[in-house]
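Me: I have a structure open and want to go through it with you. Can we start with the inside and work outwards?

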Amino acid sequence: MTGTAPVPFTADDYKARMDRAARQAADAGLAGLLVAPGPDLVWLTGYAPPAVTERLTLLVLAAGREPVLVVPTLEAPDAEKATGAPALTLRDWTDGKDPYALTAALLDGRGRFGVSDNAWALHLLGLQQTLPGTSYVSLTEALPMLRAVKDAAELERLAAAGAAADAAFEEIRNVRFSGRRESEVAADLAALLRRFGHSQVDFTIVASGPNGANPHHEAGDRRIGRGDMVVLDFGGLKDGYGSDTSRTVHVGEPTEEESRVHDLVREAQEAGFRAVRPGAACQDVDRAARAVITAAGYGEYFIHRTGHGIGVTTHEPPYMIEGEERPLVPGMCFSVEPGVYLPGRFGVRIEDIVTVTEDGGRRLNDTERGMVTVD
């Protein structure tokens with residue numbers, strides 16, 4: 001099962017994204033944006049270089065100017081095939097030539113530029129040496145909300161990714177846990193994500209018993225036993241867009257305390273979800289979920305933010321955390337994932353991806369949030 005293929009993005013879609021990015025850069029007082037290979041370049045142009053390379057590849061965006069993609073000559077044929085290529089100009093350079101001089105000719109020599117976070121220091125320093133009057137700021141710092149609001153086609157892909165992750169959970173809850181290593185269950189989860197259409201698996205956390213108290217535990221050789229609480233957190237990319245969901249299951253019947261803590265986290269997750277509405281601050285989602293856990297006396301054991309954005313990467317702005325006052329806008333997508341982590345004992349986390357609608361929020365995950373027992 002992989003589902004139907006999504007409607008492809010068009011050159012016009014990528015042109016609209018590049019135009020929006022250039023306008024936002026100008027509004028932020030920047031001379032333009034410099035986008036290196038990575039998620040931002042894929043989102044803006046549809047182009048992903050064939051391999052990681054030390055050769056400079058850089059998209060130059062500035063308001064009122066046509067986008068230019070600087071690429072090595074040997075990779076130009078691939079760049080020309082990108083869906084967004086008709087909306088930009090390609091400038092290629094050959095080995096032995098100076099790519100920084102080529103790029104510098106496209107830039108304001110005294111401008112301040114936003115630079116994608118994963119740009120190589122080698123390339124940024126090369127530009128700075130060629131144009132010592134320029135200055136730079138990370139794209140996430142300058143334009144944190146650039147990719148935050150998704151259009152209808154993006155929401156469709158995120159919903160499909162969420163449904164695929166849900167299908168994986170429905171399957172994994174039926175496999176045997178007791179007596180098997182965490183790493184074996186994690187491998188099952190990864191295989192299921194791929195079976196249901198994921199091209200990339202980013203993480204499959206299987207944290208049993210005391211390991212569940214570590215939110216980012218890496219599945220290891222611990223054998224899962226009867227009586228263990230097991231945190232499952234898994235996701236990746238399907239058709240270029242992310243999934244990320246968490247459920248906590250129990251091997252056999254839980255104790256009264258385990259049930260109580262699980263119910264508490266479920267209540268907190270519901271409170272966080274109900275706080276989602278246009279105009280609310282990102283921090284309001286965190287506050288709503290955290291208030292439930294704190295009131296029950298477990299506040300010190302909720303040790304991470306309530307959520308993170310998701311799109312062409314599984315973690316991106318906006319963040320649902322105290323101090324983040326940016327308002328929620330229809331089309332934003334992010335996780336709501338409160339947790340309680342009791343050191344040396346067990347942990348519980350419940351996570352859904354949620355999108356902001358015109359009048360509230362909509363979950364993109366819909367598997368059982370109550371306690372699920374497994375064998």
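Me: Which residues line the largest cavity?
Reply: L34, A36, L56, T57, L58, V115, A119, W120, H123, L124 and L127 line it. A cavity here is a set of points on a 1 Å grid over the protein atoms alone where a 1.4 Å probe fits but cannot get out, and lining residues have an atom within 4 Å of a point. This is a predicted model, where local features need pLDDT of at least 70, side-chain atom pairs count only at pLDDT 80 or more, and totals for chains, interfaces and linings use all residues. Residues are numbered from 1 along each chain as its sequence is written, and side-chain values use heavy atoms, with hydrogens and water left out.

Me: What volume does the largest cavity have?
Reply: About 70 Å³, counted as the space filled by probe spheres set on the grid points, which are joined across faces, edges and corners. The whole structure has 1 cavity of 30 Å³ or more.

Me: Which element gives the largest share of that lining?
Reply: Helix 5, with 3 residues. Helices (H or I, at least four residues) and strands (E, at least two) are DSSP runs numbered from the N terminus.

Me: OK, the sheet. In what order do the strands come?
Reply: The order is 4-3-2-1-5-6, in an open sheet of 6 strands with mixed pairing. Two strands pair if DSSP finds at least two bridges between them.

Me: Why is one side of strand 4 and of strand 6 left without a neighbour?
Reply: Strand 4 (89–93) and strand 6 (135–138) are at the edges with a single partner strand each, so one side of each has no neighbour in the sheet.

Me: And strands 1 and 5, parallel or antiparallel?
Reply: Parallel: 3 bridges join strand 1 (residues 32–35) to strand 5 (residues 112–115). The partner of G32 in strand 5 is F113.

Me: Which strands does helix 5 touch?
Reply: Helix 5 (residues 121–130) packs on the sheet and touches strand 1, strand 2 (58–61), strand 5 and strand 6. Contact means heavy atoms within 4.5 Å.

Me: Different topic. Is F177 buried or exposed?
Reply: F177 is buried, with a relative accessible area of 0%. Buried means under 20%, exposed over 50%, and partly exposed in between (1.4 Å probe, protein chains only).

Me: Where is F177 found?
Reply: In the loop between helix 7 (152–172) and helix 8 (182–195).

Me: What does F177 touch?
Reply: Leaving out residues up to four places away in sequence, F177 touches I172, V185, I224, V230, L232, V249, V251, V374 and D375.

Notes
Axes fitted to C-alpha atoms, helices over the stretch in contact; angles between N-to-C directions. 1 Å grid on protein atoms, 1.4 Å probe; cavity = no way out; pocket = protein on both sides within 12 Å on 5 of 7 lines; lining within 4 Å.
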